[in-house]
Amino acid sequence: MRLETLAVHAGGEPDEATGAVVPPLHLATTFRHGAGAERVAGYEYQREGNPTNDRLRAALAALEGGETALTFASGMAAMSTLLETLPPGSRIAIPDDCYTGLRILAAEFLPDRGIVVERLDMGDLAAVQAACQAGLALLWLETPSNPLLKVCDIQALAAIAHAHGALLACDNTFATPVLQRPLALGADVVMHSTTKYLGGHSDVLGGALVFARDDAFTQRVARRLHVTGATLAPFSAWLTLRGCRSLPARMAMHCANAARVAGFLASQAPVERVHYPGLPGRAGHAIAARQMADFGGMLSIEMRDGAEAALALAGALQLFTNATSLGGCESLVEHRASVEGANASSPAGLLRFSVGLEHVDDLLQDLSQALDGL
Ligand SMILES: *Cc1c(COP(=O)(O)O)cnc(C)c1O
């Protein structure tokens, strides 16, 4: 079955008991069992699993082409549960440009658990090779990355990681399975903040891990989730499942709109650089063209006149709302350095855009009027 069909049907089968075409929302925290704790339909207690969550897990496993999936209360819960399951003393490598939460987790929390973190430019295959040779438990990729939209070669990096016995994990939040399927390119596990494109409407927090294999490590991660309890609430699972059904249709429009916005911004004098994998000539474009079906709805720009111009532009936009997060129907803009605060790693003149589903001419008109006023 093709991805568009899977998105509509996987996990969305009509309810056996009632024939309801839309999946029922099961809120029960506990499920009747026999006197000797014999399970009736496989469920016992919500933290360890419930039917609505299982539908979402099935949908995500199908969309990413994995053997099994786990859902979490947030993307960060998924990420930290995975990384904290590694044995103490493990070394991992993460991208130099990556989601701020991972950066903070790596700086403030993973060292306490005996996990040593190295930051690498994942475009530098020789550097990755050297890190793997020194003994690496896990290589973490994020492509395209936040906020510089750097692209790395999943297939080449999987080959290097596997040659040295390291696991390959990939944060696929920006691309979604519609544009990029890391497991098919050799990754062992895919992570999502389902808060973003999968939920798709800026109204539900969640995270997921999709595993290539349901092996002993996967079981260990599942056990950690069930015991430490970063469980996704059933209503959140239900909303995310609803988001999945329209994901391919939404992604098509996010991509089309973002390509137009990127092209427009690239032609504007106050804009020094546009970071968008779809722009030819940009580093990573050839890899993106090969490993992604399209280039996504996220982009960032760097203003020639730095932070002052970036803040003035962000303040003058009317359709793009100043807010963090991404992947919803509405277009958002964000001055990342302001959000990151004291230890900001984003360039001072950078603005990140999540291009939404408005008519693209209205978005271009808004950008035009804001740029004209600078
Ligand atoms: C938002 C995000 C996360 C974290 O997910 P939460 O749901 O906010 O916890 C991780 N990675 C990327 C790329 C993200 O955009």
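Is Arg 290 buried or exposed? At 57% relative accessibility, Arg 290 counts as exposed, where exposed means over 50% relative accessible area, buried under 20% and partly exposed in between, with a 1.4 Å probe and protein chains only.

Before we go on, two notes on the model. The model is predicted, so local features need pLDDT of at least 70 and side-chain atom pairs count only at pLDDT 80 or more, while totals for chains, interfaces and linings use all residues. Residues are numbered from 1 along each chain as its sequence is written, and side-chain values use heavy atoms, with hydrogens and water left out.

**Exercise 1. Find the salt-bridge partner of Arg 290 and place both residues.**

Step 1. Start from the general idea: side chains of opposite charge can pair when their charged atoms come close. A salt bridge is counted when a side-chain nitrogen of Lys or Arg lies within 4 Å of a carboxyl oxygen of Asp or Glu.

Step 2. The side chain of Arg 290 meets that of Asp 153 in a salt bridge, with 2.8 Å from N to O. This pair links distant parts of the chain, 137 residues apart: Arg 290 belongs to helix H11 (residues 285-291), and Asp 153 to the loop between strand E4 (138-142) and helix H6 (154-163). Helices (H or I, at least four residues) and strands (E, at least two) are DSSP runs numbered from the N terminus.

Step 3. Compare the burial of the two ends. Arg 290 is exposed at 57%, whereas Asp 153 is buried at 17% relative accessibility.

**Exercise 2. Work through other salt bridges of the structure, which holds 16.**

Step 1. Look at Asp 188 and Arg 213, whose side chains form a salt bridge at 3.0 Å, N to O. Asp 188 sits in the loop between helix H7 (176-179) and E6, and Arg 213 in the loop between strand E7 (207-211) and helix H8 (216-228), so the pair ties together parts that are 25 residues apart in sequence.

Step 2. Check accessibility again. Asp 188 is buried at 8%, and Arg 213 is partly exposed at 37%.

Step 3. Now look for shared partners. Arg 103, Glu 334, Arg 336, Glu 340 and Arg 352 are joined into one network by salt bridges that share partners.

Step 4. Add the pair Glu 44 and Arg 39, where the closest N and O atoms of the salt bridge are 3.7 Å apart. Glu 44 is partly exposed, at 27%, and Arg 39 is partly exposed too, at 44%.

**Exercise 3. Which side chain does the side chain of Ser 346 contact?**

Step 1. Locate Ser 346 in the loop between helix H13 (336-340) and strand E12 (350-354). Ser 346 is buried, with a relative accessible area of 8%.

Step 2. The side chain of Ser 346 makes a polar contact of 2.6 Å with the side chain of Glu 340. A polar contact is a pair of N or O atoms within 3.5 Å; within protein, one must be able to donate a hydrogen and the other to accept it, and residues adjacent in sequence count only if both atoms are side-chain atoms.

Step 3. Link this back to Exercise 2: Glu 340 is one of the members of the salt-bridge network.

**Exercise 4. Describe how the protein surrounds the ligand.**

Step 1. Collect the shell: 14 residues surround the ligand (a heavy atom within 4 Å). The closest are Met 76, Asp 171, Ser 193, Thr 195 and Lys 196.

Step 2. Inspect the polar atoms. A backbone N or O atom of Met 76 is 2.8 Å from a ligand oxygen. A nitrogen atom of the ligand lies 2.7 Å from a side-chain N or O atom of Asp 171. For Ser 193, a side-chain N or O atom is 2.8 Å from an oxygen atom of the ligand.

Step 3. Consider the cover. Of the 380 Å² of accessible area that the ligand has on its own, the protein covers 93%; such areas come from the Shrake-Rupley method with a 1.4 Å probe.

Step 4. Helix H3 (75-83) and strand E6 (189-193) are the elements that give two or more residues to the shell.
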